[in-house]
Amino acid sequence: MIQTLTITRPDDWHLHLRDGAMLEGILPETARDFGRAIVMPNLVPPVVTAKDAAAYRARIMAAMPAGAGFVPLMTLYLTETTDAEDVAAAHASGLITAVKLYPAGATTNSDSGVANFDRVQGVLERMAEIGLPLCVHGEVTDPSVDIFDREAVFIDRVLDPLRRRVPELRVVMEHITTADGVAYVMAHDERLGATITTHHLIINRNDLLVGGIKPHYYCLPIAKREEHRVALVAAATSGDKRFFLGTDSAPHTDPNKESACGCAGVFSATNTMSCLAHVFENASALDKLEGFTSLHGPAFYGLAPNTDKITLTKHADAQAFPDKIKTGAGDVTVFNPGFPLHWTTTPPTFRS
Ligand code: NCD
Ligand code: ZN
């Protein structure tokens, strides 16, 4: 029996689009299913000023496949020298939707991130005044903290003090990976939201490490124990409006992943909606999928949901998806959930 589910077109509240040939190669993968995405600013060099963001948006629009109605929502990369006036003007003109905080050295291309939080206090206060959200990569970079504990320690050492110092600031804890992250969000009000990735709903650290290291499952924050994955699935499928989809789809070429020092990042743009339909169906929560992918995110950001729809169809047979996306920068391996995918999205075309 064919089962279908029609939902408001989803958005991706955390996405890496890169630049140049990589951007051109992978943009269609997101533009096919998604209406909008929060575009991460961790280019080399990063997107720091309004001028940088305007130029990057123009490059994304130039790479847009014909007929795609996809809208990139731009962000600025917060540094210790970010100018509050530049941020406020970029927000007022509609150019940016959020500012991104990377602790210095936390992940791919985060060398320009914040080490001394006193230096960004003024910008954060201004953002709170104008209602501009801060997206936070929630991991400490202290080398003495174990990589599997970095999110939980970040909550205590950085996030909670930061939110106390600027209580009106709207904050997104991005790509949460732990039961600690879920509990922290649930203990606070609607000024705090959290994104959850597709892959963290599916893989745990055994999938990454047991039976041979799987470079295409390596990302930051790193996948945690099974009990944490279970807590993430419970949060995503709960219907709680504070949790919404941010795929963190982050393409790297195969040689850069399959290396003695492989890059962090999972590329899931291509099959995210199929994977999520599977996860939500398994949790008997298909009725909660639309909230997670299409409604909670816009509500947090004060935006209207997309007006058009996509239809998900469940097929009796497993549906093939490409192993790799070929780009001018090199091949990018698509996230393999490790189970057959029976759901597809239709129409698998760009909206007009
Ligand atoms: C991201 C990337 O490759 O840009 N990698 C990742 O593992 N998630 C950076 C990030 O968002 O942390
Ligand atoms: Zn990311």
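Which residue stands opposite Trp343 in S13? I looked it up, and Lys314 is the one. A reminder to myself before going on: this is a predicted model.

**Entry 1: the whole protein**

I started with the overall picture. The protein has 11 helices and 13 strands. I checked the extent of the C-alpha trace, and it spans about 60 × 45 × 40 Å along its principal axes. Next came the radius of gyration, which is 19 Å; a compact globule with 352 residues would have one near 20 Å, so the two agree. I also looked up burial, and 57% of the 352 residues count as buried. Then I turned to contacts between residues at least 6 apart in sequence: 74% of them join residues at least 24 apart.

**Entry 2: the small sheet**

Back to the strands I opened with. Three of them, in the order S1-S10-S13, make an open sheet with antiparallel pairing. S1 (3–8) and S13 (343–346) are the edge strands, and each has a single partner strand, so one side of each has no neighbour in the sheet. From one strand to the next, the twist averages 25 degrees.

I went through the pairs one by one. S1 and S10 (residues 309–314) are antiparallel and share 6 bridges. In that pair I found Leu5, whose bridge partner in S10 is Leu312. S10 and S13 also run antiparallel, joined by 4 bridges.

Which way do the side chains of S13 point? They alternate: Trp343 and Thr345 point to one face and are buried, while Thr344 and Thr346 point to the other face and are not buried. So the Trp343 that stands opposite Lys314 is one of the buried ones.

**Entry 3: helices across the sheet**

I wanted to know what lies across these strands. Helix H10 (residues 272–282) lies across S1, S10 and S13, and runs at about 125 degrees to S13. Helix H11 (residues 289–301) lies across S1 and S10, at about 25 degrees to S1.

**Entry 4: the zinc ion**

Which protein residues are donors to the zinc ion (ligand 2)? I found His14 (NE2), His16 (NE2) and Asp248 (OD), lying 2.0 Å from the ion. Their spacing in sequence reads H-x1-H-x231-D. His16 sits in the loop between strand S2 (12–15) and helix H1 (20–31), and Asp248 in the loop between strand S9 (243–245) and helix H9 (254–257), so this pair ties together parts that are 232 residues apart in sequence. I checked whether they are covered, and both His16 and Asp248 are buried.

Why is the site called irregular? The angles among its 4 donor atoms run from 90 to 142 degrees, and four donors count as tetrahedral only if all angles lie between 85 and 135 degrees.

**Entry 5: two residues I picked out**

Thr30 first. I found this residue in helix H1. Is Thr30 buried or exposed? Its relative accessible area is 1%, so Thr30 is buried. I then listed what Thr30 touches, leaving aside neighbours within four places in sequence, and got Leu15, Phe70 and Ala269.

Tyr77 next. Its place is in strand S4 (residues 71–77). The relative accessibility of Tyr77 is 0%, so I put this residue down as buried too. I also checked Tyr77 against Met40: they are 37 residues apart along the chain, and their C-alpha atoms are separated by 8.1 Å.

Technical notes
Residues are numbered from 1 along each chain as its sequence is written. Chains are lettered from A and ligands numbered from 1 in the order in which they are written. This is a predicted model: local features need pLDDT of at least 70, side-chain atom pairs count only at pLDDT 80 or more; totals for chains, interfaces and linings use all residues. Side-chain values use heavy atoms; hydrogens and water are left out. Donors are N, O and S atoms within 2.8 Å of the metal (3.2 Å for Na, K and Ca); water is not among the atoms, so sites may look incomplete. Four donors count as tetrahedral if all angles lie between 85 and 135 degrees; four count as square planar and six as octahedral if opposite donors are over 155 degrees apart and all others between 65 and 115; anything else is irregular. Helices (H or I, at least four residues) and strands (E, at least two) are DSSP runs, numbered from the N terminus. Buried means under 20% relative accessible area, exposed over 50%, partly exposed in between (1.4 Å probe, protein chains only). Two strands pair if DSSP finds at least two bridges between them. Axes are lines fitted to C-alpha atoms, for helices over the stretch in contact, and angles run from 0 to 180 degrees between N-to-C directions. Contact means heavy atoms within 4.5 Å. The radius of gyration is taken over C-alpha atoms; the globule rule is 2.2 Å times the number of residues to the power 0.38.
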